[in-house]
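Here are my notes on the model, written as numbered points to be read with the structure open beside them.

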Amino acid sequence: MGELLGFAAVGSLAYAADLGLFVWLRGPAGLDPLTAKALSFLAGCSVAYAGNALGTYRHAAARGPRQYVIFFAVNIAGALVQLLCIAVSHYGFGFTSPRADTVSGAGIGMALATVLRFWGTRSLVFRGEDRVGSWTG
């Protein structure tokens with residue numbers, strides 16, 4: 001349970017960093033939305049990686065550029081899950097209201113992406129040799 005709570009706390013901080021930086025880059029910094037989102041996503045991933053490496057998975061042996069690249073790939077996969085949920089809802093089922101897009105992307109998509117990110121972070125990035133098949137470490 002501690003692993004899951006640590007992962008959630010780090011994810012909350014990363015989300016806040018991503019959102020705060022995006023708002024600043026879009027507003028006072030005056031960047032276009034795609035550049036602002038790309039930079040804020042990269043910053044959020046970096047905060048999440050550092051928080052997980054130094055906190056949640058501090059006992060994992062391997063850390064470094066290779067693990068960061070894998071972590072970044074897992075987070076991109078999570079973002080794609082969210083986009084897929086919006087695409088299916090909006091274009092597949094015809095739920096085109098802003099509320100439906102929010103529910104499918106930020107609700108259902110975020111929940112599914114979080115499960116994927118937890119599994120990927122635990123299994124591919126900070127895998128422990130002493131954890132065999134356990135979700136709680």
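1. Begin with Ala48, and set aside its neighbours within four places in sequence: the residues in contact with Ala48 are then Val10, Ala14 and Phe71. Ala48 is one of the buried residues of H2, while Val10 and Ala14 are among the buried residues of H1, and Phe71 is listed among the buried residues of H3. Please keep in mind, here and in every point below, that this is a predicted model.

2. Ala48 and the residues it touches belong to a wider group, since the largest nonpolar core has 12 residues, and these include Val10, Ala14, Ala48 and Phe71. Other members of this core are Phe7, Tyr49, Ala53, Tyr57, Ala60, Phe118, Val125 and Phe126. The elements that contribute two or more residues to this core are H1, H2 and H4. As a general background, nonpolar side chains tend to be buried together in soluble globular proteins.

3. It helps to place that core within the whole fold, for the protein chain has 4 helices and 0 strands, and its pattern along the sequence reads α-α-α-α. The C-alpha trace spans about 45 × 35 × 25 Å along its principal axes. Of the 137 residues of the protein chain, 30% count as buried. If we take the contacts between residues at least 6 apart in sequence, 60% of them join residues at least 24 apart. The protein chain exposes about 8300 Å², and carbon and sulfur atoms supply 73% of this area.

4. Helix H1 covers residues 2-26, and its length can be checked with simple arithmetic: at 1.5 Å a residue its 25 residues should span 36 Å, and because its end C-alpha atoms are 36 Å apart, the two values agree. The buried residues in H1 are Glu3, Gly6, Phe7, Val10, Ala14, Asp18 and Leu25, and what covers them includes helix H2 (33-56) and helix H4 (98-125).

5. Two of the buried residues in H1, Glu3 and Asp18, carry acidic side chains that deserve a careful look. How many salt bridges does a search of the whole structure find? The search finds 2, and it is useful to recall that side chains of opposite charge can pair when their charged atoms come close.

6. One salt bridge joins Glu3 with Arg122, and the closest N and O atoms of this pair are 2.7 Å apart. The pair links distant parts of the chain, as Glu3 is in helix H1 and Arg122 is in helix H4, 119 residues apart. Are these partners buried or exposed? Glu3 counts as buried because its relative accessibility is 10%, and Arg122 is buried too, with a relative accessible area of 8%.

7. In the other salt bridge, the side chains of Lys37 and Asp18 meet at 2.7 Å, N to O. Lys37 lies in helix H2 and Asp18 in helix H1, so this pair ties together parts that are 19 residues apart in sequence. Here the partners fall into separate classes, because Lys37 counts as partly exposed at 37% relative accessibility, whereas Asp18 is buried, with a relative accessible area of 12%.

8. The same length check can be made for H2, whose 24 residues should span 34 Å at 1.5 Å a residue; its end C-alpha atoms are 32 Å apart, which agrees. At the start of H2, a side-chain oxygen of Asp32 reaches to within 3.2 Å of the backbone nitrogen of Leu34. The buried residues of H2 are Ala36, Ser40, Phe41, Gly44, Cys45, Ala48, Tyr49, Asn52, Ala53 and Thr56, and their cover includes H1, H3 and H4.

9. Helix H3 runs over residues 65-92, and its 28 residues should span 40 Å at 1.5 Å a residue, which agrees with the 39 Å between its end C-alpha atoms. Its buried residues are Gln67, Phe71, Val74, Asn75, Gly78, Gln82, Cys85, Ser89 and His90, and they pack against H2 and H4. Just after H3, Gly94 takes a positive phi of about 80 degrees.

Note on methods. Residues are numbered from 1 along each chain as its sequence is written. This is a predicted model: local features need pLDDT of at least 70, side-chain atom pairs count only at pLDDT 80 or more; totals for chains, interfaces and linings use all residues. Side-chain values use heavy atoms; hydrogens and water are left out. The expected span of a helix is 1.5 Å times one less than its number of residues. Buried means under 20% relative accessible area, exposed over 50%, partly exposed in between (1.4 Å probe, protein chains only). Contact means heavy atoms within 4.5 Å. A salt bridge is a side-chain nitrogen of Lys or Arg within 4 Å of a carboxyl oxygen of Asp or Glu. A nonpolar core is a set of buried Ala, Val, Leu, Ile, Met, Phe, Trp, Tyr and Cys residues joined through side-chain atoms within 4.5 Å. Accessible areas come from the Shrake-Rupley method with a 1.4 Å probe; for residues, only the protein chains shown count as cover. A polar contact is a pair of N or O atoms within 3.5 Å; within protein, one must be able to donate a hydrogen and the other to accept it, and residues adjacent in sequence count only if both atoms are side-chain atoms.
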